[in-house]
Amino acid sequence: MALKNELSKEEFVAIFENSKSKSFAEENFINLAANNLKKYNLPTKADEEWKHTSIRKILQHKYFIGENLDLDKNQVNLFTIPGLNAYRLVFINGFYSKQFSDEILNNKGLIIKNIADAKKSNPELINKYFENTDISSENFFTSVNTAFSFDGSFISIPNNLALDKPIHIINFSDGNNKKTISQYRNLIIAGKNSNVQIVNSFHSLTVNYTLTNISTEIILEENANLNFNIFQGEGDDAFQINSTKVNQEKNSNFSSHTITLCGSIVRNDLKIEHKAENCETNLFGLYLPDREQHFDNNIFINHAKPHGTSNQIYKGIIDNKASAVFLGKVFVGKGAQKTIADQTNRNILLTQYAKVNSKPQLEIYADDVSCSHGSTTGQIDKEALFYLQSRGINRRRAEVLLLGAFISDVIDAIKVEPLKIFVNILVNNRLNGEKVDGQCAMVSGCPGCDNIE
Amino acid sequence: MAKTLISIKNLKASIEGKKILKGINLEIKEGEVHAIMGPNGSGKSTLASVLAGREIYEVTNGSVTFQGKDMLSMSPEERSREGMFLAFQYPVEIPGVSITNFMKAAVEQHREHKGLEQLTPSEFLKMMQEKKDLVEIEAKLANRAVNTGFSGGEKKKNEVFQMAMLEPKFAVLDETDSGLDIDALRIVANGVNKLKNKENAFLVITHYQRLLDYIVPDVVHVLYNGKIVKTGGKELALELEEKGYDWIKKEND
């Protein structure tokens with residue numbers, strides 16, 4: 001039942017259909033996505049995977065396709081990660097900013113550039129890998145993404161290359177007095193025996209209602225090692241739907257960090273498929289919603305082949321009337337003997353209004369596996385708090401120490417050192433109730449502030 | 001004449017409506033070591049908790065005056081900064097917080113309270129080293145998360161180390177000896193003896209006389225059923241060791 005001012009599916013799709021910019025994808029994929037769109041509706045709480053996340057708030061705005069705005073150097077510099085020496089790809093409202101990007105296309109096969117241009121320069125690679133993960137058939141949003149994305153990042157690491165520095169994809173959204181919708185379609189290929197670290201960060205330049213819809217496909221060829229970091233720091237009125245699908249080939253190692261510090265409604269889908277044996281997957285997540293923010297992580301790992309290992313550690317601190325969702329499913333197929341899988345989700349609620357829906361799930365069809373999962377949601381440990389206070393540390397500082405300690409393992413596991421330091425500072429500032437200036441247009445929430453007398 | 005450090009008058013406390021302390025009177029002067037002994041369930045640990053300011057206990061009557069100030073109206077952190085220290089019977093494990101960071105925060109807040117200038121990082125580390133040497137704890141302990149994965153002995157040594165760092169005027173040792181082997185017991189007791197001086201005082205809560213061979217008390221009290229039922233010199237501890245607590249129970253039931 002659509003509310004009077006709520007976008008219908010048709011109206012939502014029409015925003016893109018009426019736009020001048022067209023998808024870069026091949027006709028057959030556009031047609032496939034268009035067919036999916038006939039099939040899929042906008043998700044509602046009746047859908048099992050969206051049970052705890054309502055997108056109605058997202059649909060209450062009339063959006064326009066974002067504009068290709070001029071960026072200036074200061075704006076870009078404001079959002080770089082201090083000390084991170086990286087190959088940079090910069091986008092604004094779905095458009096590529098060549099001026100601020102370090103485009104690479106070298107004779108050894110290393111490609112770091114925007115996908116629309118890569119489609120022209122390297123069609124054979126795009127044709128080989130695009131839609132390998134079948135991402136457009138996931139849901140309404142990934143279908144819209146395939147049908148209408150006009151750009152995104154393309155990264156191809158050739159066989160046997162350990163890239164000398166990380167890649168940083170910066171995605172800006174800027175409402176610029178208009179409610180804006182932006183899409184990114186990313187394709188990342190790590191060749192055999194390659195090694196690469198990638199950071200994808202999201203920021204708002206101005207505060208307005210914006211919706212960013214990202215679909216990212218990641219392919220790890222045999223024995224590749226890829227570390228992927230999503231840093232979400234958009235403004236307080238920014239909505240984000242972020243879907244990532246990963247295919248892992250034999251002996252490959254995929255690790256990710258999903259750090260969600262601000263945004264209004266943020267939904268992250270992360271689906272991993274072990275296409276061959278002996279793959280390793282380590283997924284970490286950190287989310288700190290406050291006020292009425294809602295952050296949702298939905299994870300699916302398909303252990304389809306033997307000797308795979310996967311590990312998930314997701315932690316959240318939820319303040320005020322904010323809410324979070326953790327839905328993690330590990331599927332171990334019949335042939336996936338010797339699988340080792342572990343799932344942990346832990347949450348601290350700072351107020352009586354804060355909410356978490358946590359559901360770690362295991363579905364196992366093999367008989368020789370070692371799988372475990374656990375979920376805890378609670379308050380700050382009162383015994384530990386008293387212990388710290390009894391040494392003269394005031395309650396506020398003791399709480400910050402304990403909350404910092406609670407999430408320290410997730411932060412410590414960040415592999416990109418400058419990102420780790422940066423997140424540590426931002427989180428500490430946040431726990432101390434300070435504004436996270438320059439990172440999110442409005443974030444200033446302070447987990448813990450409300451329950452301090 | 002030594003000054004009275006802490007004066008407890010008719011202290012009554014309960015937990016969830018259950019009366020535990022039923023009128024404690026106790027006065028401890030600077031330079032003194034008092035021991036409180038008693039059978040299980042007599043209220044020994046409750047007394048320690050109430051003195052440290054644990055919220056789950058409700059003080060229903062009485063007063064505690066610490067260096068002339070009303071201690072019961074202070075928060076746990078204020079009590080600490082004023083010079084109160086509780087060595088926990090069960091030190092809490094705090095994964096993710098290193099002992100160094102923990103002590104840094106504590107020392108900073110103590111110095112701020114006293115109006116002292118903050119230590120530089122190197123001064124602080126030097127102080128850590130001195131205190132570690134004093135209480136004979138392994139240097140590597142300080143780099144670990146607070147009590148996390150510590151053995152029973154390590155936890156208790158860590159309590160004495162914290163005491164050395166904060167230099168309290170009045171320290172309560174809540175069954176610090178329980179579960180310790182003789183070597184750990186000796187190290188803990190030596191630490192306490194080194195920290196003892198003419199201006200501070202200790203209240204040693206214990207179930208066993210053994211600890212009092214190492215930390216020699218000036219006064220021994222017997223707590224039973226929420227009240228101090230007997231007070232004597234150090235020989236009282238020996239008598240209790242010999243006869244057990246049954247005669248105390250008989251006299252008072």
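**Salt bridges in chain B, and a look at chain A**

E93(B) and K155(B) join their side chains in a salt bridge, with N and O 3.1 Å apart. The model is a predicted one. E93(B) sits in the loop between β6 (84-87) and β7 (94-98) of chain B, while K155(B) belongs to helix α5 (residues 152-166), so the pair ties together parts that are 62 residues apart in sequence. How exposed is each partner, E93(B) and K155(B)? E93(B) counts as partly exposed, because its relative accessibility is 36%. K155(B) comes to 17% and therefore counts as buried; the cut-off for buried is under 20%.

This pair belongs to a wider set. Over all chains, the structure holds 36 salt bridges. The general idea is simple. Side chains of opposite charge can pair when their charged atoms come close.

Next, a pair within one helix. E108(B) forms a salt bridge with K104(B), and the closest N and O atoms are 3.0 Å apart. Both residues lie in helix α3 (residues 99-114) of chain B. They are four residues apart, about one turn of the helix. E108(B) is partly exposed at 22% relative accessibility. K104(B) is also partly exposed, at 36%.

A third bridge brings in another helix of chain B. The side chains of K131(B) and E167(B) meet at 2.9 Å, N to O. K131(B) lies in helix α4 (residues 121-135), and E167(B) lies in the loop between α5 and β9 (170-174), so this salt bridge ties together parts that are 36 residues apart in sequence. Which partner is buried, and which is exposed? K131(B) is buried, with a relative accessible area of 12%. E167(B) counts as exposed, because its relative accessibility is 54%, and the cut-off for exposed is over 50%.

Chain A has a network. There, D236(A), D290(A), R291(A) and R430(A) are joined into one network by salt bridges that share partners.

Now to a loop of chain A. N106(A) is placed between β4 (104-105) and β5 (111-114). The residue is partly exposed, with a relative accessible area of 34%. What does the side chain of N106(A) reach? One target is the backbone nitrogen of K108(A), at 3.0 Å. Another is the backbone nitrogen of L110(A), at 2.9 Å. For a sense of scale, take A33(A). N106(A) and A33(A) are 73 residues apart in sequence, and their C-alpha atoms are 32 Å apart in space.

Conventions: Residues are numbered from 1 along each chain as its sequence is written. Chains are lettered from A and ligands numbered from 1 in the order in which they are written. This is a predicted model: local features need pLDDT of at least 70, side-chain atom pairs count only at pLDDT 80 or more; totals for chains, interfaces and linings use all residues. Side-chain values use heavy atoms; hydrogens and water are left out. A salt bridge is a side-chain nitrogen of Lys or Arg within 4 Å of a carboxyl oxygen of Asp or Glu. Helices (H or I, at least four residues) and strands (E, at least two) are DSSP runs, numbered from the N terminus. Buried means under 20% relative accessible area, exposed over 50%, partly exposed in between (1.4 Å probe, protein chains only). A polar contact is a pair of N or O atoms within 3.5 Å; within protein, one must be able to donate a hydrogen and the other to accept it, and residues adjacent in sequence count only if both atoms are side-chain atoms.
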